[in-house]
Amino acid sequence: MTISSPRDVLKFARDEDIQFVDFKFLDFLGSWQHFTIPASAFDEGVFEEGLGFDGSSIRGWQPINASDMVVKPDPTTARIDPFPRYKTLSLIGTIHDPITGEGYSRDPRFIAQKAEAYMRQTGIADTAYFGPEAEFFIFDDVRYDLKRQSSFFAVDSVEGAWNTGREEFPNLGHKPGYKGGYFPCAPVDSQVDLRAEMCLVLEKLGIPVEAQHHEVATGGQGEIDMRFDTMVHMGDNLQWFKYVVKNVARSHGKTVTFMPKPLYNDNGSGMHTHQSLWKDGQPLFAGDAYAGLSDLALYYIGGILKHAPALVALTNPTTNSFKRLVPGFEAPVKLAYSSRNRSAAIRIPMYSSSPRAKRLEFRTPDPTCNGYLAFAAMLMAGLDGIENRIHPGEPLDKDLYNLPPEEQLSVPEVPGSLEESLECLAQDCDFLLKGDVFTQDVIDTWIDFKLKHEVTPTRLRPTPLEFALYFDV
């Protein structure tokens, strides 16, 4: 059944004997929030008037003296939630001001919707496709604690290379080595069935899956690739993806994290993001220039590379993100583009010669980002590149990890910390403000929240490594 209107949703709820209706929305930083009503209280008025909640309890949103907010569900997002015990219909909503009725400027989904509208308004394209590859770790145990006089973290996995000597009664071996997880068959890959179940749940939700496999790191790193979709829909799908992966793992007594760098000295989790523009059903990135690209695609790349120092404040928005983005290690930090080259920040995949497959892959982002904000920011940077004909320069078709020192200095890099990236965002945000897609309030609130709640606390806290380095000085 195609669901496109409130009436369709109500009929679907009756036909499926739905008992509860759940309303989901994304907070400012990227975590799904929800509340639930009984099906008996669900009617068309919910779509017209919305449902109220306390916006002051959502991170980065309203002050307590102006806390009333309204969520209005999007009928096209209706899906049966696969995890609650009682049959539950799930709807994703956008946030509105209850007095003016206008969309809320700090609602990430609303920002993504405005970015798509701005793209169409420019006349450059009518469709932006995004395809994120969100990597993750599946652990068997996670513990951490923070006190004034102590702090620690410890993660564990039956797949961990550190457990080759552990008494497991019996220990059967077959554990991926450090940087050895890409991608051996079972029994070394012990999680093939678990990832397969995640895929089946995603497909049952109507989210097509293209592949699943173990990733490079030991300790249960995996990847499941969704089929590309239009930008706002992919923002919705990315949230379902994280929700499904975490809950399927939990049903098997395991836990998932999308932290970019939970393990020391092994590969971290990125979110390589494929993207392309189309108009009137035709791909705009295919042409006769380098790697089969069009000039328009090169300008899009130019916009991404020019604004990348600011972009990473949204695409790599945690202090942990920058433990993955370290020059000379596995993550691409060099702001260059190239075909087939996984050491460049932008790769042009060359798997297919079809113009319809022509796209770019921005390899720097990681899955701690708020998908709506990250996709919208990347699109706005690319559109700025097209509008201002920003050419990215010559491609670098060489291993950027092993350049001679003099060449290393000639290739710009992403910022070295979250604080640096936030400074870059403060200085370079005009491209995001076009069409009122992002507002200055959104930019300022993002920067202030990140500095106050993440950068400063991280700077203040001693770490175990510092004790190892400095205690006996």
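This tour moves through a predicted model, starting with the whole chain and then stopping at selected residues.

**The whole chain**

Begin with the full protein chain in a cartoon view, where 13 helices and 18 strands can be traced. Along the principal axes, the C-alpha atoms fill a box of roughly 65 × 60 × 45 Å. The radius of gyration is 23 Å, which agrees with the value near 23 Å that a compact globule of 473 residues would have. If you colour the residues by accessibility, 52% of the 473 count as buried. Turning to contacts, of those in the protein chain with a separation of 6 or more, 68% are between residues 24 or more positions apart.

Switch next to a surface view: the protein chain exposes about 21,700 Å², and carbon and sulfur atoms supply 52% of that area. Selecting the charged residues brings up 46 positive and 65 negative charges, whose mean positions are 2 Å apart.

**Asp-74, in the loop between β4 and β5**

Select Asp-74, which sits in the loop that runs between β4 (68–73) and β5 (79–81). Because its relative accessibility is 18%, Asp-74 counts as buried. Show what surrounds this residue: beyond its neighbours within four places in sequence, Asp-74 is in contact with Leu-91, Ile-92, Gly-93 and Arg-109.

**Two cis peptide bonds between β9 and α4**

Move on to the loop between β9 (151–156) and α4 (192–204), where Pro-170 is found. The peptide bond leading from Phe-169 to Pro-170 is cis, with omega near 0°. Follow the chain onward to Pro-187, which also lies in the loop between β9 and α4. A cis peptide bond is present here too, joining Ala-186 and Pro-187, with omega about 10°.

**Cysteines 185 and 199**

Select the cysteine sulfurs now; a search of the whole structure finds 0 disulfides. Cys-185 is in no disulfide, and the nearest cysteine sulfur to its own, that of Cys-199, is 16 Å away. Seen from the other side, the sulfur of Cys-199 has its closest cysteine sulfur in Cys-185, and the 16 Å between them is too far for a bond. With 64% relative accessibility Cys-185 counts as exposed, whereas Cys-199, at 10%, counts as buried.

**Asp-266, in the loop between β13 and β14**

Centre the view on Asp-266, whose place is in the loop between β13 (255–257) and β14 (271–279). Its relative accessibility is 0%, so Asp-266 counts as buried. Display the contacts, leaving aside neighbours within four places in sequence, and Asp-266 is seen to touch Tyr-178, Lys-179, Ala-217, Thr-218, Lys-261 and Glu-330. For a longer view across the model, draw a distance from Asp-266 to Leu-29: these residues are 237 apart along the chain, and their C-alpha atoms are separated by 26 Å.

**Two residues with positive phi**

Step along to Asp-280, in the loop between β14 and β15 (282–283). Although Asp-280 is not a glycine, its phi is positive, at about 55°. Asp-280 is exposed, with a relative accessible area of 63%.

Select Ala-291 after that, in the loop between β15 and α6 (295–315). Ala-291 is likewise not a glycine, and it has a positive phi of about 55°. With a relative accessible area of 16%, Ala-291 is buried.

**Gly-382, in helix α8**

Now pick out helix α8 (residues 371–387) and, within it, Gly-382. Having 0% relative accessibility, Gly-382 counts as buried. Apart from residues up to four places away in sequence, Gly-382 touches Tyr-299, Tyr-300 and Ile-304. Draw another distance from here, to Gly-123, and the C-alpha atoms prove to be 14 Å apart, although Gly-382 and Gly-123 are separated by 259 residues along the chain.

**Ser-417, between α9 and α10**

Finish at Ser-417, in the loop between α9 (405–410) and α10 (418–427). Ser-417 is partly exposed, with a relative accessible area of 23%. One last distance joins Ser-417 to Thr-77: the two residues are 340 apart in sequence, and 36 Å apart in space from C-alpha to C-alpha.

Conventions
Residues numbered from 1 in each chain as written. Predicted model: local features only at pLDDT ≥ 70, side-chain atom pairs only at ≥ 80, totals over all residues. Heavy atoms only, no water. Disulfide = S-S within 2.5 Å. Buried < 20%, exposed > 50% of the residue type's maximum accessible area, 1.4 Å probe, protein only. Helix = DSSP H or I, 4+ residues; strand = E, 2+ residues; numbered from the N terminus. Contact = heavy atoms within 4.5 Å. Rg over C-alpha atoms; globule rule 2.2 N^0.38 Å. Areas by Shrake-Rupley, 256 points an atom, 1.4 Å probe, with all protein chains shown as cover. Lys, Arg positive; Asp, Glu negative; His and termini not counted. Charge placed at Lys NZ, Arg CZ, Asp CG, Glu CD.
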